[in-house]
Structure formats: C-alpha cells, structure tokens
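Me: I've got a structure open and would like to go through some of its details with you. Could we take it one question at a time?

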Amino acid sequence: MDKASYNNKILQLDSLPREQYQIIYEAGTTGKLSCIHCGEQIKLYLGIQQKPFFFHSSKAFNNDCEEYCNSLSTPPTEKNIQEEEHNGFRIPKSRPIGQTSTVQSAWKKVTFLRSPKPFEKQSLPPVTTTDSLDPSQQKAVSTVDGPLLLLAGAGSGKTRVLTRRTASLITEHGVDPSTIMLVTFTAKAAQEMKERLRSLLAPGRLSRLVVGTFHSIFYKMIAYHEPNRWQSTNLLKFDWQKEQMIKEAGRKLDIDERDFAFDQALQQIGLWKNTLTLPEDIKPKDLWEERVLFMYKHYEDEKAKRGFFDFDDMLVGCYQLLKNQPDLLTRYQQKFQYFLIDEFQDINKIQYEIMKMLASKSRNICVVGDDDQAIYAFRGSDPSFILNFNKEYQDAKTIMLSENYRSTHSIVQSANTVISRNAQRHQKEMNAQFDNALLPAFFFPHDEEEEATMIVTDLKERIEQGASPSDFAILYRTHTSSRALFERLAGSNLPFTVEQDAESFYKRKIVKTLIAYLRLSIDPNHSNAMGDLLVALFLKKNTLNDLKASSILEDCSLVEALKYVKNIQAFQERKLKKIVPLFKTIVKLKPIQAIEMIEKEMGFEDFIKKRGNEGNVIEKGSDDVRDLKVAAKKFSTVQDFLDHIDHMIAMNDEMKKLSKHYTNAIQLSTIHRSKGLEYKHVYILSAVDGSLPHDFALDSSRNGETAPLEEERRLMYVAMTRAQQTLHISVPETRRGKTAQPSRFIRSLY
Ligand SMILES: Nc1ncnc2c1ncn2[C@@H]1O[C@H](COP(=O)(O)OP(=O)(O)OP(=O)(O)O)[C@@H](O)[C@H]1O
C-alpha cells in the first residue's frame, strides 16, 4: 500500500519528502500509523530489496485495503480536499489525500554489479582433502632455502601455506623445530597457526617450534638476557597508564586535560618509536608536534626512572640488545635457521630491522603478505618493505598465490577492479574458485538513519529465511559511523556484538560537551553537565567549585551562577552573561534547532574552531557535531532526545556485557579489525567520499600526496574481500547532513 493515516492526515508515499521516511518508519514501529481503510495499525517497510510500502503488521495481506488505497489515486491539492469521517479518521472525501508537499521521493532501487564477467572455472586439481594445496601453494611449501616472497591475494590460503610449509620443513627436510621462527601479526593468528600445526606435527616437535607475535618472541629474548630490566610486573599494559604519564608532561605545558587528545599523542609517540625515530631526530612541524615531542621525552625519562616499559620498548629493547652485542646476535643467527613471517605488508621499520639482522646469515627468510591489504600506516607499518623485498634480497624467489578460495567470482571481480587503480602495488589479480547468482549490490539510503534501518530490515528478513546471525558482518571505516546502526540493532531483537573498547558515540568528548548544554537547559543545577561544559566556555576545571559557591551565596542555579564568575577577561564575562538566558530558550526548541543555537549563539562554534584538530586528522570535532545533528533530527523535544541518549549510553554498556556471551551474533566491526576474518554476508557502510575514502585522505590527495588515498582504497578492498557469498555496499545520498558523492572507489562498479 502506498497510503497511511498519520496524525489524522493521509500520507502518500510518492509525495512524502524522502527525509521523512525514517520518521514515518518509526511512527509505524510505535503504533502511530494506521490503515486508511480498516483503521488497523500499519508499518512502513524500509529495506533494501523492495521499494518502501505500508503493510499491516498484525494480519496477512489485505486485498480490500490495498484496493481502497489504489482507488484513491488522484493527487490532492490544498483546495480539493474535503474530509469525511471514516473508521474514526478524518480522511479526504473524493480522493486520498496526503502530503501536499511538492518534494518527490527520490527512492532509488538497489543496483547490482554492472557488466559482470562470465565465470570461467580454473582447471585446478580437484580438492581431495580439507588440507589440499593447489600448485602455487604446493610450490610455496616445497621451496625451502633462500629468501622467498609469497605474494598472496586475499583469501588465497596464507595460513594453510605457512603451516604446511613449517610442517614440511620438519617432517620432509629434517629441520630441527627449534631452529624455526614463525612470526604472526596478532596473538589470535599465532594461536590459529598452533592449532593447525597440532594436526600436522607430533606434540614433542610442536612444543619446540618458536611461534608467536613479534612482541612475544622478542620479549622472551630480552627477558632472558636482562631479566631485571624486563620484569613483566613493570609492563605498562594499558593506555590509561601511559596517558597518566604524558598527562604529567601536559600539566607542565599548562594544557587543559579535557581539551587535548592524549590518545592521539600516544599514537604519535608509538609511531616514532616503531620507526626508530629518537626525540633528537624530530623536527616538530607545528605546535601540536612540539607538545607531543615534549611528552615523548618526558615519557621516556619517566619510564626509565621508574623502571617501567611499554610494548614498543620490547621492540626497541630487542633491537638495541642485538645491535649492541654482536656475539649475542651471532648466537641467535646460529640458533635460528628458518624464518617465516606472516602479514609482511604490515611490518614496521623496527620489526623489519630486527628480522633482517637475525636472518642475515641463514638468509632463509620466507615472507607472506598482500601489499593490497596494508592498512596500518598510521601505526608505523610500511608496505615499502614488501614492495622492495626483491631489491633487498636480490636472489629472492617470488611465488604468487592468486587463487581466491573465499569469495564468489563477482565479489572477486569487484575487488580486483577497485584495487587495480592503486599505483603503488605488485600487479596481480585474484581468481575465484566458485560463483553464485548473487551479484554485489549497491543501495542508496537517504542518510545514516535510513541506512541503519534498511540494513536491519534486510538482516531480519534474511535471518527469518534461515541465515544465522553470525553469518553477517557490518563493516565501517570509523567507529563513529556505526552510531545509527547500533541504535537500530539495540532496538531490535537481533543478537549483535560490539567491540569491548568501543565507547558510546554520546560519550565522545565533543558530543558530551554539547549535550551538557542540553542537560543544563532542562536541569540548570546538573553538576556533572556543568563540569563537562566548562571547557567549551574556556573556563578552568576548578571554576565548578566557584559556581557551586556562587549558587549558594546568590541563591541561584549553577547556570545563573555563570554570571558571577570572577577573574576572567571582560569579553568573557560579557559572553557568559549573554548565554545564561539562552538556556531557557533552547529547552523550548526542537533538539536540532537547539544544537544550532548552541553552535551559533552560545559559543560552541568558536570553541570547535579554536580547538582545531589537535593533530588528529581522522576525527574532527565539527564532524561530531554534524553527526549529533543527524541523530537529533527525528526528536521533537530536548527531553526526548536526552532520554534517548541516556538509554543508548546504557545500552552500549549492556551490549558489551552481552557480546561476551554470544556465540551466534551479527558482527559489527571497523574494517581494520575485520582483517584476516571472513563472513558469508557483508554490508559495508557509508561508501561515500569523505567516509571511505576518509576526508583526511582526500585532503592529502588535493595537496599532492597520494599514499593516504591508496591506503583508503586498500581498506575498501579488505572490506570487500571479507565476504564469501554476498556483498551489500551502502551509498547514502547524504552524510552528516550534506549531499554526499558515491565513493570514488566504487563508482565504476554499478
Ligand atoms: N587449496 C585450497 N583448497 C580449498 N580451500 C582452500 C585452499 N587454500 C585455502 N582454502 C580456504 O580458503 C579460505 C581463505 O584462506 P585463508 O583465510 O588462509 O586466506 P588468507 O590468505 O589468510 O586471506 P586474507 O589475507 O584475505 O585474510 C579458507 O576458508 C581456507 O580454508
């Protein structure tokens, strides 16, 4: 049906402005939509597979109602609407009614991969066992001596090759297991390697193998030689421990703690350490870097004084140990004869230098990687090591693993097309092993809210048809892009997991600060909100105590007390006096208008501008404000919006607890964290310029730097190649309230 009654008016879908679909969808879920014929509750279908339509939620398809709707087909005008009573509703007499808006729906139906190539099955030997190898994999396993580069496409069976090669070295070539070092990128991958090796090797042999991450292997080495310096009790395991130390430096610089991205500073320090950049080598290019350099020095000094160390120090420590003690290095070079390194595209300088030293005598170094999946530049990973492996080791053999055993032919074709546009890469193409009739699909929600609704509708349909929740993954560029999806899933009965370290969107610094204005408009004595607000008013943290004192002395609210703040500049005093009465105004506005007033008339815009990005190119405060506006759009009162926010903050904590227990749940993940994993069905969120590729990469590319854009393209490639059977890519028409352009990476695909 294309008509419904809402607020005693008749809505007609075709003439309903597109941005209202979500509001009407939610009206349906809360029982506010009814059938213009029978008066029963109806809902709006807002999914991927079909055009939106109204349907009866509690009874099967009703032909009478459908026919009645269709009979009222002449578009109404303001003048010709004459109402009559019908089933308790006022409806137009002659023709159905509805919106008189001239805005036409821009509904665009789902589109599929354009010009799919026919699938030609490769004539590979039939798969006889669950652990069989194709000819290239076989060659990789049997090539034993000398440097070897395995260029492995996504889903080409890297783990299978590495484990089989390790087993073959021992069982077929008589290599002593304790002379083999097998290095992985994550502890999870090391665990998986060990599991797989368990079925290939006798326990006695397996236990003598050295399998682990760079950190775990190098830590064992340094702790063995310098046990006192590297006691595990002195490890700074958590970021908050490190933050505490750099905050001390921040205080020396008189930095306001709540207004500085210490997490970003820590990341930068890690980047310097992992690229072997000492403080004395750094020439800060701006104030932010100058401050972080100061923190870096302070952090290193303090750690040394107190005997602490962090994870990066394990690498630095190992590097220095081997560099400074040539005899020891020689012993290790003799001990280890075979090196196998997984995910070589993600290696950083310090890891590379250590491995190079260790393998320089035996030269039996086998590296496996996919330069197209190098996505950790921000952590110091450097794909140039894989790209230049053949230059460093001129006698290296190269084997390509290009059969993709994971994804359908059309998914592989799409991913090949996307990545082929990168200039800095080894030329290669994956070949799929199977196909199905389900081409990669592109759908076009109006905005983030509708995107979430469409996906959740689709998930429900597919799970009802028999799919398992754990078959699905929803991947996104940054955690903040998952806000609407989280909200929609939290309101459904579908099981889903969230990352344990994922904070609620509403707890982000900028968002929380802006919400403080809204809270104070309802409760002018909200002490926590006032604490959050101070930074935006450029007031010191301890002003809260002065405000509390003034509110007692002057017998006024905390908000009113802002008028009595002393020891500030005259212009600041004027500003505070100006904003105090506005709290009473914003509470009467719709949340979206209230936020605009906070930005424009209560100084928030100035705060955001003044704050800058603090060196953080990925997350801008102004983007948070725009995201918050998208979330606020559908609420009509500030109180409703705040209730929603509190509910969602609570749900975030709740979902984290539940996530730990779910064994069969939909996975929500950033693309970075999905690396190495595979799912039957994948949705990629927000494939628009600015999101994927991220704005900062577009900015860099405008300034002539193409590397960040290439890394973004690799992210899209990684996301696409996680899918085994179906791939849905969302291309919203607007993002953060503005018209969005489809991602340049996928435009040619549909
Ligand atoms: N020769 C083979 N025959 C059949 N299936 C295979 C073969 N080799 C690997 N596979 C299967 O292909 C899938 C992908 O393998 P794997 O996860 O090791 O790929 P990968 O190279 O690590 O992928 P990515 O780098 O994209 O994470 C797995 O399900 C694996 O069991």
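Me: Where is the place of D254?

Reply: Keep in mind that this is a predicted model. D254 has a positive phi of about 60 degrees although it is not a glycine. As for its place, D254 is in the loop between α8 (239-252) and α9 (262-274).

Me: And where is P693 found?

Reply: The peptide bond leading from L692 to P693 is cis, and its omega is near 10 degrees. P693 itself is found in the loop between β21 (679-684) and α30 (695-702).

Me: On to the ligand. Which oxygen or nitrogen atom of the ligand lies 3.1 Å from a backbone N or O atom of S132?

Reply: Take the ligand's oxygen contacts to begin with. A polar backbone atom of G157 is 3.1 Å from an oxygen atom of the ligand, and an N or O atom in the side chain of R160 is 3.2 Å from an oxygen atom of the ligand. For S132, the backbone N or O atom has as its partner on the ligand a nitrogen atom.

Me: How much of the ligand's accessible area does the protein cover?

Reply: On its own, the ligand has 650 Å² of accessible area. Of that, the share covered by the protein is 85%.

Me: Which element gives the largest share of the shell around the ligand?

Reply: There are 18 residues around the ligand, and Q137, G155, K158, R406 and R722 come nearest. By class, the shell has three nonpolar, nine polar and six charged residues. Two elements, β15 (403-408) and α4 (158-171), give two or more residues to it. The largest share is three residues, and it comes from α4.

Me: What about empty space: how many charged residues are in the lining of the largest cavity?

Reply: The count of cavities of 30 Å³ or more comes to seven, and the largest cavity holds about 140 Å³ of space. Its lining is made up of E448, T480, S481, R483, A484, D627, S686, R735 and R736. Sorted by class, that gives one nonpolar residue, three polar ones and, for charged residues, five.

Me: Last one, on aromatic pairs. How many residues apart in sequence are the parts that F185 and Y376 tie together?

Reply: The structure holds 27 aromatic pairs. The one formed by F185 and Y376 is tilted, with 5.9 Å centre to centre and 40 degrees between the planes. F185 lies in the loop between β10 (180-184) and α5 (187-198), while Y376 lies in the loop between β13 (365-369) and α14 (384-387). So the pair ties together parts whose separation in sequence, in residues, is 191.

Note on methods. Residues are numbered from 1 along each chain as its sequence is written. This is a predicted model: local features need pLDDT of at least 70, side-chain atom pairs count only at pLDDT 80 or more; totals for chains, interfaces and linings use all residues. Side-chain values use heavy atoms; hydrogens and water are left out. A residue is near a molecule or strand if one of its heavy atoms lies within 4 Å of it. A polar contact is a pair of N or O atoms within 3.5 Å; within protein, one must be able to donate a hydrogen and the other to accept it, and residues adjacent in sequence count only if both atoms are side-chain atoms. Accessible areas come from the Shrake-Rupley method with a 1.4 Å probe; for residues, only the protein chains shown count as cover. Helices (H or I, at least four residues) and strands (E, at least two) are DSSP runs, numbered from the N terminus. Ala, Val, Leu, Ile, Met, Phe, Trp, Tyr, Cys and Pro count as nonpolar, Asp, Glu, Lys and Arg as charged, and the others, Gly among them, as polar. On a 1 Å grid over the protein atoms alone, a cavity is a set of points where a 1.4 Å probe fits but cannot get out, and a pocket is an open set with protein on both sides within 12 Å along at least five of seven lines; lining residues have an atom within 4 Å of a point. Grid points are joined across faces, edges and corners, and a volume is the space filled by probe spheres set on the points. Rings of Phe, Tyr and Trp (its six-membered ring) pair if their centres lie within 6.5 Å; planes under 30 degrees apart count as stacked, over 60 as edge-to-face and the rest as tilted.
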